[in-house]
Amino acid sequence: MKIRGITTYPLILPIREIYGGAAGFLEDCRTLIIRVATDDGIDGWGEATQGRPGNTYETLETMDIMVRKYFAPGLVGMDLKDTGSVLNTLHSIRYGHPITKAGIETALYDALAKFYQVPLYRLLGGPFRKEIELVGGLGMDLTAETIGAKARQLRERGYRAFKLKIGHRDLSQDVARVRAVREAVSDDATIRVDGNASYSFLDAREILNALSPFRLTDAEQPLARGDLKSLAELRRSVGVPIAAQESVSSADDALAVLEAGAADLLKIKLTHIGGFRRALQVAAVMGAKGLPVVVGQGSACTPLLSAAEMHLHASIPNAQAGGEMTGFLRVGEQNFFSEIGVTRARVVLTDASGLGIEVNQQRLAQAAIVTH
């Protein structure tokens, strides 16, 4: 099962609504679709999405260049059934570039699962669950006057878990926004907040203590990613569980967070972590201490990346209920990929081979842009 070629399809897609937080707002979806073709006639598909401008150092252009000029030449000709060697080669060609590597690794695993005619989660050790409850995202563009109505609409559609982006300079705005959501969704709903590493220690302590009466399940990365000492002190100073995200991009980072006592749980984005193998390592570190992880990213992406994170979620025993892999719901109309079925805010994974996403390669090629 030798890798015959790796092709890229850079896309700029519309989104359904502007969404973002303290790290920036998403106004379109800039994403790189990656195809791995094998000599058995199997195509594997993956996605590397840029995310919000300024929030990552990888861009659509750099990802496209790295795949075509560096990663593809190093992988073409390798036998995909020697999976460990292929993954070691992928991660050794160039240091860094986790988003790009995650996209390639997804395509490799999709092809491999199709070869063995199994859903991807079986290659990853799952499933521990096949039904995934999705989290309703509420961006910072929603004011205290509008966010309650939006949360109520999501609740009517079946959502029971909600995530608010916070980070206004006027802390009272976020207190009012969280209060409006709690009043709209009732006491049995769960609410998470995400500060996108934007707060000073004093502001984070003030806002989280002010929000604690609203019974938050966790506050994601309120402080800068590298300051674990302050994050640990904050955790001891507030009545809200702390989730680390930007602080963790490897198993070593997860260990450092645990040793510092800096978080109660971790958030895993497939692209930020750099692929399935690293994500499973991070989840295992947390699981060894009996702690949960949250899986998924809500920035706009196609069904390819969201499906990949769903298969990851299904394969992690300590994955917390409420998946955040909702990016596919934010992208505008597209006719390249089959849809992910959602019923009452839930997705049920099927037994289809690979990711379970069908790709119209002709339409995809027509929509691809030139980045060079």
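**Exercise 1. Find the residues that Thr100 contacts beyond its neighbours within four places in sequence, then decide whether Thr100 is buried or exposed.**

Solution. Start with the contacts: setting aside neighbours within four places in sequence, Thr100 touches Ile34, Ala48, Glu58, Met63, Met66, Val67 and Phe71. Keep in mind as you work that this is a predicted model. Next, place the residue: Thr100 belongs to helix H3. Finally, check the accessibility. The relative value for Thr100 is 0%, and the cut-off for buried is under 20%, so Thr100 counts as buried.

**Exercise 2. Work out the strand order of the open sheet that contains E4, and say which strands stand at its edges.**

Solution. Take the pairings one at a time.

- Step 1: strand E1 (residues 3-13) pairs with E4 through 10 bridges, in the antiparallel sense. One register point to look for is Ile6, which sits opposite Val36 in E4.
- Step 2: E4 is also joined to strand E5 (residues 43-49), by seven bridges, and this pair runs antiparallel. Here Ala37 faces Asp43 in E5, and Thr31 stands opposite Thr49 in E5.
- Step 3: put the pairs together. The result is an open sheet of three strands in the order E1-E4-E5, with antiparallel pairing. E1 and E5 are the edge strands; each has a single partner strand, so one side of each is left without a neighbour in the sheet. From one strand to the next, the twist averages 20 degrees.

Now add the helix. H1 packs on this sheet and touches E1, E4 and E5, and its direction makes about 175 degrees with that of E1.

**Exercise 3. Describe how E4 and E5 are connected, and explain why E4 can be called largely enclosed.**

Solution. First follow the chain from E4 to E5: the two strands form a hairpin, with four residues between them. In the turn, Gly41 has a positive phi of about 85 degrees. Then count burial along E4 (residues 29-38): nine of its 10 residues are buried, so the strand is largely enclosed by the rest of the structure.

**Exercise 4. Classify the packing of helices H1 and H2 from the angle between them, and list the residues that make the contact.**

Solution. Begin with the geometry. Helix H1 (residues 60-75) packs against helix H2 (residues 83-93) at an angle of about 155 degrees, and the axes are 10 Å apart. Angles over 145 degrees count as roughly antiparallel, which means that H1 and H2 fall in that class. The crossing of H1 past H2 is right-handed. On the H1 side the contact comes from Tyr70, Phe71, Gly74 and Leu75, and on the H2 side from Val86, Thr89, Leu90 and Ile93.

**Exercise 5. Locate Ser247 and identify the polar contacts of its side chain.**

Solution. Ser247 sits in the loop between strand E11 (242-244) and helix H9 (251-260). Its relative accessibility is 10%, so Ser247 counts as buried. Two polar contacts can then be picked out. The side chains of Ser247 and Gln221 are joined by one of 2.9 Å, and the side chain of Ser247 also reaches the backbone oxygen of Arg225 at 2.6 Å. Leaving out residues up to four places away in sequence, Ser247 touches Gln221, Ala224, Arg225, Leu228, Leu231, Asp253 and Val257.

**Exercise 6. Examine the backbone at Gln117, Ala345 and the bond between Gly126 and Pro127.**

Solution. Here is the background to have in hand: most residues other than glycine have a negative phi, and most peptide bonds are trans.

- Gln117, a residue other than glycine, has a positive phi near 60 degrees. Gln117 lies in the loop between helix H3 (98-116) and H4, and is exposed, with a relative accessible area of 65%.
- Ala345 is not a glycine either, yet its phi is positive at about 65 degrees. Ala345 is in the loop between helix H12 (303-314) and strand E14 (346-348), and with 2% relative accessibility it counts as buried.
- Gly126 and Pro127 are joined by a cis peptide bond, with omega about 5 degrees. Pro127 is in the loop between helix H4 (120-123) and strand E6 (131-133).

Conventions. Residues are numbered from 1 along each chain as its sequence is written. This is a predicted model: local features need pLDDT of at least 70, side-chain atom pairs count only at pLDDT 80 or more; totals for chains, interfaces and linings use all residues. Side-chain values use heavy atoms; hydrogens and water are left out. Buried means under 20% relative accessible area, exposed over 50%, partly exposed in between (1.4 Å probe, protein chains only). A polar contact is a pair of N or O atoms within 3.5 Å; within protein, one must be able to donate a hydrogen and the other to accept it, and residues adjacent in sequence count only if both atoms are side-chain atoms. Contact means heavy atoms within 4.5 Å. Two strands pair if DSSP finds at least two bridges between them. Axes are lines fitted to C-alpha atoms, for helices over the stretch in contact, and angles run from 0 to 180 degrees between N-to-C directions. Angles under 35 degrees count as roughly parallel, over 145 as roughly antiparallel, 65 to 115 as roughly perpendicular and the rest as oblique. A crossing is left-handed if the near helix is turned anticlockwise from the far one by less than a right angle, and right-handed if clockwise.
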